[in-house]
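The following exchange concerns the pairing of charged side chains. Please consult the sequence and the coordinates while reading.

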Protein chains: 2
Amino acid sequence: MVATRERRRQETTDAILRSARTHLERAGVEGVTLRAVARDLDIAVSALYRYVDGRDDLLTELLVEAFTEHADAVDAAVDASLATDPDDLAAAVTAGLRAYRGWSVAHPAQFGLAFGAPVPGYHAPADRTVAVAVRPGSRIMGLFATAYERGLVDEDVVTARASTLDDGTAAGFDALAARQSYPLPAPAIALAVDAFVRVHGFTVMEVFGQLRPLVMPADAYYEALLREIVATLGLRA
Amino acid sequence: MVATRERRRQETTDAILRSARTHLERAGVEGVTLRAVARDLDIAVSALYRYVDGRDDLLTELLVEAFTEHADAVDAAVDASLATDPDDLAAAVTAGLRAYRGWSVAHPAQFGLAFGAPVPGYHAPADRTVAVAVRPGSRIMGLFATAYERGLVDEDVVTARASTLDDGTAAGFDALAARQSYPLPAPAIALAVDAFVRVHGFTVMEVFGQLRPLVMPADAYYEALLREIVATLGLRA
DNA sequence: CTGTTGTGTGAACAGTGTTCTCGTGCCCGC
DNA sequence: GCGGGCACGAGAACACTGTTCACACAACAG
């Protein structure tokens, strides 16, 4: 039976990731240590190298895990909203952006690993991270795109944004729309990027503690921000 | 001559900080190592402890240095704008916020140390960092406050913001205004905080690389953002 | 049953921060 | 001017870290 070997291998691999994740949550990146993981599994440090390429590889695993869970949280919120009312895209966008922050404040260590300053001495391999890191933004952009197609986006807002958009940035947005095949004109993309910057910026500031001296607690403020963002997007229910 | 001893001490202290700063810029936080600094100064590692309380203390020093330089850059830009036209507060705010990002992208390592995810295993002592970390925000808020006193802030914008402000957050802003003695009502504080979140959020995303897949280059986009922020603040020239 | 392959061990090496003991040279006060 | 004291520096040691290696054992395949 070959399955037994593979199953055991998968089990210890999972245990390694679980242990590493626990240490990440409890002590930050510095706390995820091969020796600590080995102690948890009652195993020699060198044995870990049978399952993981080293500490960097372990961190990469935690990184994609964080990105994935973050994106999953956003997707779940959007899906739930759409299940309640498939036509209320404003509600879906709001739900997604609310979950964007919600997961982040609930998992500060993972969020810090994913979106904080690049971990010293460790460069995340782009081929494994970019695709998943972009998921939440893509989901929101997709919602906005279908709203635009359905005529739920105020054209005045879009044209107003067009007047403040320079040619270079517009060209970049057009390229982005073509690359991801979003049926959106550059000014609409700009609106979405504006919104995303505000949401991500707020989240970063809150999780990293830069918001604490300004606004506390932040829940009500963020809800107001969400309402204003939906309005700024020109989204009609 | 007692000055000789103190002078020499100050010199080596400066050399230590200079070396640490160089390593920070070249290799990130992980690169600033007591042994590397000792090698630079041609000194034993243990000798460093005569000047620095340990690596954490060294990082704290670099941290307050980063905060200070960042705030100095903002102040210099604001001062230069005010020297050109003391009455154009919108220009002064724009200059300050432009410098806020400018210094950050020019010094990514220091910025990451100051505003990135909390460095693993190291907690910055609040008593040494909070005061200086808050300087740029205070400066901008001060400009906005004098503009408000001079009647340069559109009252309609303020009242509009008031309608989206909940009581709890408003109370927090009032407390902030009282604590810092800003002559601003809560909705005006909210406007300034909104602006600051957008500026800092954008800067963080750019320095940490999360903006790259969306908008590149970012200069023109940021300039447009500044114009819109000034408009959203209700600031008249 | 034999051999290959997967798995685990322990030692070793090169780093790191931190602490200790021990000199030694210089400044300060007498 | 000249000891006494103290700041400074050196080096070893300890406890960590990641990584690699040679070796041993057990499980599976033929």
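Buried means under 20% relative accessible area, exposed over 50%, and partly exposed in between. The model is predicted.

Q: Is B:Arg101 buried or exposed?
A: The relative accessible area of B:Arg101 is 9%. The cut-off for burial is under 20%, so B:Arg101 is classed as buried.

Q: Which residue forms a salt bridge with B:Arg101?
A: The closest N and O atoms of the pair are 2.6 Å apart. B:Arg101 belongs to helix 5 (residues 89-106) of chain B and its partner to helix 11 (residues 186-207) of chain B, so the bridge ties together parts that are 105 residues apart in sequence. The partner is partly exposed, at 22% relative accessible area. This residue is B:Glu206.

Q: How many residues apart in sequence are the parts that B:Arg139 and B:Asp79 tie together?
A: B:Arg139 and B:Asp79 form a salt bridge, with 3.0 Å between the closest N and O atoms. B:Arg139 is in helix 8 (residues 135-149) of chain B and B:Asp79 in helix 4 (residues 55-84) of chain B, so the parts tied together are separated in sequence by 60 residues.

Q: What is the relative accessible area of B:Arg198, which forms a salt bridge with B:Glu228?
A: In this pair the closest N and O atoms are 3.4 Å apart. B:Glu228 is partly exposed at 28%, whereas B:Arg198 is buried, with a relative accessible area of 5%.

Q: How many salt bridges does a search of the whole structure find?
A: In chain A, a network of salt bridges links A:Asp72, A:Asp75, A:Asp79, A:Arg135 and A:Arg139. Over all chains, the number of salt bridges found is 29.

Terms used: Residues are numbered from 1 along each chain as its sequence is written. Chains are lettered from A and ligands numbered from 1 in the order in which they are written. This is a predicted model: local features need pLDDT of at least 70, side-chain atom pairs count only at pLDDT 80 or more; totals for chains, interfaces and linings use all residues. Side-chain values use heavy atoms; hydrogens and water are left out. A salt bridge is a side-chain nitrogen of Lys or Arg within 4 Å of a carboxyl oxygen of Asp or Glu. Helices (H or I, at least four residues) and strands (E, at least two) are DSSP runs, numbered from the N terminus. Buried means under 20% relative accessible area, exposed over 50%, partly exposed in between (1.4 Å probe, protein chains only).
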